[in-house]
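Biologist: Hey, I'm new to this one. Can you put it up and talk me through it?

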Amino acid sequence: MNKAIEVRNLQKSYGDLTAVNNISFSVNQGELFAFLGENGAGKSTTINMLSTILPKTSGEAFVMGHELGKNDDEIRKEIGIVFQNSVLDSKLTVKQNLLTRGAYYGYSKDEIMNRLRDFWEEFNLEEIWNQKYEKLSGGQRRRIDIARALIHKPGILFLDEPTTGLDPMSRKMVWDYINHLREKEKLTIFLTTHYMEETTGAGNVVIMDKGNIIAEGTPAELRSRYTAKKLIWYTQANDDNRKIIENADVLQYRYEADHYSISMDEGITDFVWKNKDRIKDFEIIKGTMDDVFLRLTGKEMVS
Amino acid sequence: MKKLRGIWGLIKRNMLVFFTNKGSIFFSMLTPLIILALYILFLKNTLVSPIEKAVSELGELVSKDDIDRFVNGLLLTGIMSTALLTIPYNALEVMVKDREDKTFFDMSATPVKRSEIIMSYFFAAVMTSFLQVVTVMFLGIGVLTVNGGMYFESADIFKLMGIVLLGTISSTAVLMFFMMFFKNMSTCSAFMGILSAVSGFVVGAYIPLSEFNENIQNVCNLVPATGISILIRNYLTGGVLKHMDECIGGLDNGEFLRSMKEIFSFNSKVFGGNWELNKTVFYIIIITVVSIFAIRFIYPKTYNKN
């Protein structure tokens, strides 16, 4: 499969401080690639380097086959970015924002309007076209940010925490747009997020901590590698039940409201089978990406 | 063509951002408005009285109307000269705000080159400032023509617009040289406070520069904006002064004309030298060109440190 991004030993230092330390990874074309890490882990710095905003200190990277630092103009034509904090002008209208941004790429007004027709209806641009950006709702603003990032038909879309601060409804809406566009435009998506559930559809996940890559794989691989399965046993809390659990090879357990939550590496089905007379109401769930993150960094993601 | 569209897109965006921020327009006009208010309240009288006293010996040869026209010219010089500092400054605040908000990241990730992004701020500030200062100039001429009158040929308007263009370009270049090191708006506001307070004195709007000691005069005259104020003063008051001299008819051997030009700084005085206007223009152009080159080559380096 063709690589949309290939990074080898990429490093960014500010004096003695190393923000990104010798990282290597690759992103396949058309893939949803998730980049996870706490604030300050080096995610945004990596995006800023790959998008030619910041110069790298060392290492090499190729974006759509163009070498970073040598063919930056070509890279800029291939990438669109939805920044963590919007970079559109609050006092300008949607029209003014999108037409001026389109012009940065050398497009005429007609060319920009033609391009916008591709998502005019899906993004409901008609309704907000002459409204000031600052008057839009959070979800509408994000839509316009995405429209801006796609105005020049890039091959890669960088999404830097695109749904942070949005209500669940707007988050879902934004993701519906992203998934639709990914399908329609055959986009490669490079995502950083705080919401672990947003990574479940990713083809590949990279987790960063303090400038280093600490894990890489598909969500399923990471979950099976770094988390234990959980047995949720709906029952009452009593000594008999507790003894059964403590006699088994469990990693940890706790009682919550109406059930025991029991973490086990292996042997859950044997444990249930062995105690089938007592364990009547239960479910077995895999560890989540939150658990993966917690296990690897010792910190919970803050949303 | 594509390249030009990119640069024009940036310039247009920077101008739109400035013109949609009414607060910024108001604050850029604050110092010129203060000068107008001060003139109406007391500065006009403090200038008219000594001139009247000085020409009293010449009897009716110098009319009160001409003195009013001369002082009106000084007022408009003060307003335009300070506007030529505060308006470009406010127009350039867009650049600092973009840096603070990281909006320039968005521009940096497009095919437009860094140097073009930087020069787009410069050109946008020059254009917005020129439009505003010319508006101020016409408003000023209108208001002062009704209140006491102005004295200059209509052809002078074009020369004056030429000086305004030179003034906007030089002030924008010099101010941008300093502002390229500002990383946030609080630094900008602090500097604006200083600029507002000092600009009126530096360009001789509140009191003539000749009132200051020689060292301060030297420093002030090295500021290009002061040179611009001298050029404007020559165009706005030179005509009426010449007319007054003609009315005196040589009775004072040109002493009145000489002393008025001396008191109200019709020429730059730098380290004892009395610069002709051509030399002042040459100096302003040199400083402007050096500033533009410095911006063009230093600014991209300051960007990479973010």
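Modeller: Sure, and bear in mind that this is a predicted model. Let's begin with chain B: among its contacts between residues at least 6 apart in sequence, 89% join residues at least 24 apart.

Biologist: OK, and how many helices and strands does chain B have?

Modeller: Chain B has 11 helices and 2 strands. Reading from the N terminus, the order is α-α-α-α-α-α-α-α-α-α-β-β-α, so ten helices come before the two strands and a helix closes the chain.

Biologist: What's the radius of gyration of chain B, and what does the globule rule give?

Modeller: The radius of gyration of chain B is 21 Å, and the globule rule gives 19 Å for 306 residues. Those are close, so chain B is as compact as a globular protein of that length. The C-alpha trace of chain B spans about 70 × 40 × 35 Å along its principal axes.

Biologist: What share of chain B is buried?

Modeller: Buried residues make up 44% of the 306 residues in chain B.

Biologist: Let me pick a spot. Where does B:Ser56 sit?

Modeller: B:Ser56 is in the loop between helix 2 (22-55) and helix 3 of chain B.

Biologist: Is B:Ser56 buried or exposed, and why?

Modeller: B:Ser56 counts as exposed, because it has 9 C-beta neighbours inside 10 Å and the cut-off for exposed is 12 or fewer.

Biologist: And how far apart are B:Ser56 and B:Leu195?

Modeller: In space, B:Ser56 and B:Leu195 are 38 Å apart, C-alpha to C-alpha. Along the sequence, 139 residues separate B:Ser56 and B:Leu195.

Biologist: Let's switch to the two chains together. How many residues are in contact between chain B and chain A?

Modeller: On chain B there are 25 residues in contact with 24 residues of chain A. Helix 1 (2-19) and helix 4 (103-108) of chain B each supply at least two residues to that side of chain B. Helix 1 of chain B gives the most, with 11 residues.

Biologist: What classes of residue are on that side of chain B?

Modeller: It's a mix: 9 nonpolar, 8 polar and 8 charged residues on the side of chain B that touches chain A.

Biologist: And the largest nonpolar core, which residues touch the most other members there?

Modeller: Those are A:Phe190 and B:Leu92, in a core of 152 residues. The largest share of this core, 18 residues, comes from helix 3 (residues 64-101) of chain B.

Biologist: Which residues is A:Phe190 in contact with?

Modeller: If you leave aside neighbours within four places in sequence, A:Phe190 is in contact with A:Ile5, A:Val27, A:Phe33, A:Phe35, A:Ile156, A:Phe158 and A:Leu159. Apart from that core lies another one of 7 residues, including A:Trp233, A:Tyr260, A:Met264 and A:Phe271.

Biologist: Now chain A by itself. How many helices and strands?

Modeller: Chain A has 11 helices and 14 strands. Of the 303 residues of chain A, 41% count as buried. The C-alpha trace of chain A spans about 75 × 45 × 35 Å along its principal axes. Among contacts in chain A between residues at least 6 apart in sequence, 69% join residues at least 24 apart.

Biologist: Tell me about the sheets. What's the strand order in the one with strand 1 of chain A?

Modeller: That open sheet has 4 strands in the order 2-1-4-5 of chain A, with antiparallel pairing. Strand 2 (17-28) and strand 5 (66-67) of chain A are the edges, each pairing on one side only.

Biologist: How many bridges join strand 1 to strand 4 of chain A?

Modeller: There are 5 bridges between strand 1 (residues 3-14) and strand 4 (residues 58-63) of chain A. As an example, A:Glu6 has A:Phe62 in strand 4 of chain A as its bridge partner.

Biologist: What lies across those strands?

Modeller: Helix 1 (residues 43-50) of chain A lies across strand 1, strand 2 and strand 4 of chain A, at about 115° to strand 1 of chain A.

Biologist: And the sheet with strand 12 of chain A, what's the order there?

Modeller: The order is 12-13-11-14 in chain A, again an open sheet of 4 strands with antiparallel pairing. Strand 12 and strand 14 (282-285) of chain A are the edges. Neighbouring strands in this sheet are turned by 15° against each other on average, direction ignored.

Biologist: How many residues of strand 12 of chain A are buried?

Modeller: The count is 0 among the 5 residues of strand 12 (residues 252-256) of chain A, which is hardly covered. Strand 12 is joined by 5 bridges to strand 13 (residues 259-264) of chain A, and A:Arg254 has A:Ser261 as its bridge partner. In the hairpin of these two strands of chain A, with 2 residues between them, A:Ala257 takes a positive phi near 55°.

Key. Residues numbered from 1 in each chain as written. Chains lettered and ligands numbered in written order. Predicted model: local features only at pLDDT ≥ 70, side-chain atom pairs only at ≥ 80, totals over all residues. Contact = placed C-beta atoms within 7 Å. Nonpolar A, V, L, I, M, F, W, Y, C, P; charged D, E, K, R; others polar. Core = buried A, V, L, I, M, F, W, Y, C linked by C-beta atoms within 7 Å. Buried ≥ 20, exposed ≤ 12 C-beta atoms within 10 Å, placed from the backbone. Pairing = 2+ DSSP bridges. Axes fitted to C-alpha atoms, helices over the stretch in contact; angles between N-to-C directions. Rg over C-alpha atoms; globule rule 2.2 N^0.38 Å.
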